[in-house]
Structure formats: structure tokens, C-alpha cells
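Biologist: Hi! Could you walk me through this structure, piece by piece?

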Amino acid sequence: MTTLDERGPEQGEEHSEEHGIQPDAAIALDRPAAQLPLSAGSKAANLARAAAAGLPVLPGFVIPHGAGADARALRRAWRELSQDGAVPLVVRSSSPQEDTEESSLAGQFASVLDVRDWPGFRAAVRTVLDSAHRPDGTRAPMAVLVQPMLAARVGGVLFGADPVEGRLDRMLVSAVRGGPDTLVSGEQDGTSYHLTRSGRRLRPTTPYTDGEQLLTRAELHRLARLARRVEKIFGGPQDMEFGFDGTGHLWLFQARPITAMTARPARGARLLGPGPVAETLPGTLQPLEEDLWVAPMARGICSALDIGGSAPRRLLRAHPVVTTVAGRAAADLRLLGIAPPRHRLLARLNPLPGARRLAAAWRTGRLTRALPDLALDLTADIDRRLAETPAPAELSRADLADLLRWTRSALAALHAQEALAGALLRESSTRTAASAALAALAEGRGQGRTDTEIVAGTPVVLALTPPSLTAALRLPPTEDDGHTPTVTSTDPRHLTLPTRESLRLRIRWIHQLQVHLVHDAARRITLSHRAVAQLRWHELLSTVDGAPLPADVAQRLPRPDSPPLPDTFRLADDSVVVAERPRDGAAQGVSGGRATGTAWDGRGERPQDAVLVVRTLDPALAPLLPQVTALVAQTGSPLSHLAVLAREFKVPAVVGAADAVQRFTPGTRLAVDGTSGDVRLEDTRTREAADR
């Protein structure tokens, strides 16, 4: 172990000399030298600044980094503070590399409580110094902070902002009986209080285990006042540890910057979600796939909403109805009418929507009667054009480009009529293209045909697969369980489906035609399927017409598979997805972000995309955080050290996931949303099909 005499001068000591101060063995917190973070460490320096400003800080001293080995001076400081061993002490780390604006390193270094004699004190100092050694063999500069150990009645963590909600106009308190150590270590969950900046409680608080509230209204107001004073001193909201002693006196144990605030959407940000568009485009899309499939879908649905009078034109012009987020298709849920209006009472009082609906009813009443015939004409035109289309290899470059342009126009028309059919028609038939496809697939497999032969003979089976420019077309496996649906005909010329299903099937056929056309274009311009999928629509057309490829095409990498989008969410800065939090449920997201991966209990071989699933937020797990994709715990607080580190490392984390260890055994595929607190099993069959 490192002894007091073995510490050599490292970074920090020379900085002290630059300030004209040679580090002493012990510096009292009320001395100006204790406010220098490079020698006293950030933790001690912050407390020294707070004490100098008149905040309630316990007395103490700091053994600075690079201090001389003056055992007599150190023993004198110990004897004076502990009253010759009568008062127990707390010996804590204070590194210049922790508790900074860039990194908190919460719980990474050691603290020793209840130190009662000189040998114990020396051992505690050695323990703290030894904790400066990192797993990679390097050593952090380390000072040691020493203070009396307070027998707190109630202690906890106070955030001058709400890091979980990303709100600067809110404060968050979590309290436990005794000192804050059991809270930040994850041993206790604590009682949480959401406060305004004045200290008024915002929502009901779950009582402590014995039914008693830990903090009174007056104490909450005192904490809010302390947070505001600390914020004024340090220039921003802080992460603080506090304690109330038996006499009701409030003490500040620690103050450091909040290093990770959850992203927060701007006021009025659109409410998005995969909604019905995920039925057509369920996976992660590459750039060209977005242009081929999402853009026509957005244009078609926008036309349908305009014709039906479902949304004002100014909104339809200002916002795309369908967009992509991290490569996944998402829709504006309010424009689609899936989400309720923001202000239901005002919506009832406003006469304009009623008048608009009345006018729309007149139009759509006539449209409802005409729509089946219009759809029949459109599908007939599509079928005729598909039947007349030669193989892509037989097309000239000009014809290939013209056919690609036609497919996008056809998709827009199909999506418009499909959206109108879904909204206006009440068809009695429940037959779907998927049921007909299953029957055709079973029939083809029974005849021993390959997937390519089945698709060529009965293209209705395409209803069972999503489109893709990069993945090979593979039909799903079938099981001969005696429940395979039967149809009178799987010949597309004689297949009778409801209007909406018929339109959706043609959409899928157009998708597949586009795949063949793009693959042939890639062959002509000598690009792989993956490389051509990184082009944009205008780049593909210009290249097919003879223009050179973009100069950076070789550097463009395929988009990785992104996690599924939440059911409802909004976008913050830099397109960060912020899920809408459910109003009930015990699970709580404590570190924003989304991830998919494989459940791992921290033992044995770690999967490459490990989701660490544990019972409690044990600080000993901290070294694993940079190596995992997400964190799920059965218990824990958003203010514990591990939750703070998860936000700092941008690792999605959820606490309060009931029976997580039993439900999510090692090897289970999980999708984790660290904002909404949603943890769900991933459909491994869909993933396996996409990988093939």
C-alpha cells in the first residue's frame, strides 16, 4: 500500500509551487490554500469556497496532493480536529480529477467512515491514497479530505436542477435516515422530493418505510435556499450531499457540478411515434431507402390528410407527416389524429375544427362512395405497369431512371389512397394479404420450391417481409401445425382482398421492384448493394444518367441497427429521442438514451452488447459501466453514484424494474429506454430474420 512517506511529487505539486505555496502536511479548510483544486482536490476546494461564503460546512483539513511527509504536523492536525480521538472522523478522497464540470467520477475513489484513533486514521489515509490507482495501471493525483463524522438524523442528495427530467426550474431531493452514504452507495432507495426553486413540493411523495415523511416543509424550503446559494457561488446548479443533525442544523457535505443533464425537448416539440408507419417500414433504413420509401409515404399521407380535412394545411406544409429518427420511420401522432389535442377543453370551445370537420364531411362523404372504384382503377393501373415492365437488365439507363421516378409517384398515390381507405371505409371482409401470403408460402414449401421461385410465382408472399436494399430476401419459416389458412386462389390476378389490403400489397410490390432496379443500377455503376444504399435519391439518378459518383462514397458507412423507437416521444437538440414518461409504473429511467443488447449479470464472459441486469446499484459495478450498452436494476435512486455515472457515460439506465434479475436472465435480448423506464424483450425472431 502507499504510505504517507512514499508519495512523490506528481502533477498538482508543481501547480502549487506556481502559486507560490509549498504544500503543507495539512491545510485547514478555512485557509485560502484549501481552495486550490490542483493541490487540495476538487471536493475539498469546493467545500472551502462554500465555507468562505458562509455556507454551513463542517470544519476540517486537507492533506494536499504532493504534501511533505511531516508526520508530526499531520498528527497535530488529527489531534486538534478529533479532540485526541474523542470525535470520530471521515477520511475522503479529493482528487483534482473528480467533481469537475467535465467528470464527477462519482464513487470511484475511497472514503472511510468512523475513524476513531491515530492508527486507524493513518490506515484510512492509506486506503484513500491506494484508491487512486486505476485498473489501467495509472494513478490519479490524490489529496485527502478529513472532517468530523456527523451523526445525521436525515441525510441525502440535493440537485439544484432535475437531471432526470432535464429541467433547470426544478430541484430534486432524495433523503434517507442517517447520512447520505447509504443512499449514494445504492444500499437504500431513499424518499424523493420534486421541488420548485422556492422549495414547494410538486408531486406526492412516497412516505418512508414506517409511513413518516423524512423532511418537513420547512426543511425542504431550507434545502432549496441552500441550493440557490450554492448555485450563486459556483455559477450553476450543483449536485450536493447534505445532512440534518439532531438539533435540526443543516450541513453541506459536498458540492460538485451536475455533469450530465437529460436532454429536454423544446417547448412545443412535436409528438412522434412509430405508429402505423412501422407496419410498413419496421427496421433501420439506409439513406436511399429513406428517399425511396419514406418520402413518398409522407407525401401520400399528407395528401390524404389534406383531402380529408383532418389537419390545417399550414401544419402539413410546415411539418412532414412521416420522418425518420436514427433511420427508423416515425409519424407525427397529432397530425395523424392518434394523439389527443394538447388542450381538450379549448378544442371543444374552438368553432374552427367543427366547421372544418363539417366541410370535410361533405367532401369525404362523396369520397367514401367513390374510393373503392378509385382504388380499383389505381391497382389495375399498377398491375398493368408491373406486368409490362421488362427485366431491369433490358432497360436503358434513361428508361431505368424514368421507371424509378414512376415508382416514387406510384407509391405516393398508393399511400394516399391506403390512408383514406383506412380512415373512411368500414369493410366487412377481414381477409388480409398476410393470410393469403401464409397460404401461398405453405403451398410453395409443400411443393419444394425455393423462396425465389415462390416469390416469382405468387408475389403475394412479399406481404410477409419488409423491403430492404441490403439484406437478401428471405421468407419466414413455416410450421405444419394444421392451422395454415387456405384461400381459393393465390394468383394475384384473381386474389380478392379488401380495398386497404389490396393497396398495401401493391405498395410492397412497388418496393420490391425498386429493389431490383436499384440493384441493377448498382451493377452498372460498379457499387455493392450496401454502398449504393448510402446514396441519396438525387445522387442515384445523376449517377445513372452518367454523372460521376460522389467523391466520398467510399467513406460512407452503413447505419448501424438502431434501437426501436418509443411508442411516443419528442426530439431534443441534436435529434435526441426523449420518450414520453408513463404516468404510472414503478420502473424509472434515470439515464436517458435507448439501446438494445444482451442481458448480462456481471459474471462470466461479457457479451459485446451487454445490458447489465442487477439487483442494486452497487458502486463496485462502476468499472463495468463504460463496457456495457445499458443498465437495469431492480432497486436504486436516480441520485445514487452509479446513476450519476451512467448519465455521465451516456449509458441508458433504468431502476425499479421489478424482478429484473428473474425476468431478464443472462442471454435475453432486451430493448432499454433510459428516459421512459421501459424495458422490454426484443423479438429475437425478427432480429434473426434481419441478420440472415
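**Cavities, strands and a core**

Modeller: Happy to! Let's start with a hollow: the lining of the largest cavity has five nonpolar, two polar and three charged residues. Here Ala, Val, Leu, Ile, Met, Phe, Trp, Tyr, Cys and Pro count as nonpolar, Asp, Glu, Lys and Arg as charged, and the others, Gly among them, as polar. This is a predicted model, where local features need pLDDT of at least 70 and side-chain atom pairs count only at pLDDT 80 or more, while totals for chains, interfaces and linings use all residues. Residues are numbered from 1 along each chain as its sequence is written, and side-chain values use heavy atoms, with hydrogens and water left out.

Biologist: How many cavities of 30 Å³ or more does the structure hold?

Modeller: Two. The largest has about 50 Å³ of space. On a 1 Å grid over the protein atoms alone, a cavity is a set of points where a 1.4 Å probe fits but cannot get out, and lining residues have an atom within 4 Å of a point. Grid points are joined across faces, edges and corners, and the volume is the space filled by probe spheres set on the points.

Biologist: Which lining residues are the closest to the centre of the largest cavity?

Modeller: Of the ten that line the largest cavity, they are Phe-159, Ile-258, Thr-259, Ala-260 and Val-644. Strand S10 (250-257) and helix H18 (641-648) are the elements that give two or more residues to the lining. Helices (H or I, at least four residues) and strands (E, at least two) are DSSP runs, numbered from the N terminus.

Biologist: Which sheet has S10 in it?

Modeller: An open sheet of five strands, in the order S8-S7-S6-S9-S10, with antiparallel pairing. Two strands pair if DSSP finds at least two bridges between them. S8 (191-196) and S10 stand at the edges with a single partner strand each, so one side of each is left without a neighbour in the sheet. From one strand to the next, the twist averages 20°. For such angles, axes are lines fitted to C-alpha atoms, and angles run from 0 to 180 degrees between N-to-C directions.

Biologist: How many bridges pair S7 with S8?

Modeller: Six, with S7 (residues 170-177) and S8 in the antiparallel sense. Met-171, for instance, stands opposite Leu-195 in S8.

Biologist: New topic! Is strand S3 buried or exposed?

Modeller: Six of the six residues of S3 (residues 89-94) are buried, so S3 is largely enclosed by the rest of the structure. Buried means under 20% relative accessible area, exposed over 50%, and partly exposed in between (1.4 Å probe, protein chains only).

Biologist: And where do its side chains go?

Modeller: In a regular strand the side chains alternate between the two faces of the sheet. In S3, Leu-89, Val-91 and Ser-93 point one way, and Val-90, Arg-92 and Ser-94 the other way.

Biologist: Which strands are joined to S3?

Modeller: S4 (residues 111-115) runs antiparallel to S3, joined by three bridges. S5 (residues 143-148) also runs antiparallel to S3, with six bridges. Leu-89 stands opposite Val-115 in S4, and Ser-94 has Ala-143 in S5 as its bridge partner.

Biologist: What's odd about Asp-114?

Modeller: Its phi is positive, about 55°, although Asp-114 is not a glycine. Most residues other than glycine have a negative phi, and most peptide bonds are trans. Asp-114 lies in strand S4 and, at 36% relative accessibility, counts as partly exposed.

Biologist: What about Lys-650?

Modeller: Lys-650 also has a positive phi, near 60°. Its place is in the loop between H18 and S20, and at 70% relative accessibility Lys-650 counts as exposed.

Biologist: Last one: which residues touch the most other members of the largest nonpolar core?

Modeller: Of its 57 residues, those are Trp-293, Val-322, Leu-469, Val-518, Leu-527 and Leu-540. Elements giving two or more residues to this core include helix H8 (287-308), helix H11 (351-388) and helix H12 (397-424). The largest share, ten residues, comes from H12. A nonpolar core is a set of buried Ala, Val, Leu, Ile, Met, Phe, Trp, Tyr and Cys residues joined through side-chain atoms within 4.5 Å.

Methods. 1 Å grid on protein atoms, 1.4 Å probe; cavity = no way out; pocket = protein on both sides within 12 Å on 5 of 7 lines; lining within 4 Å.
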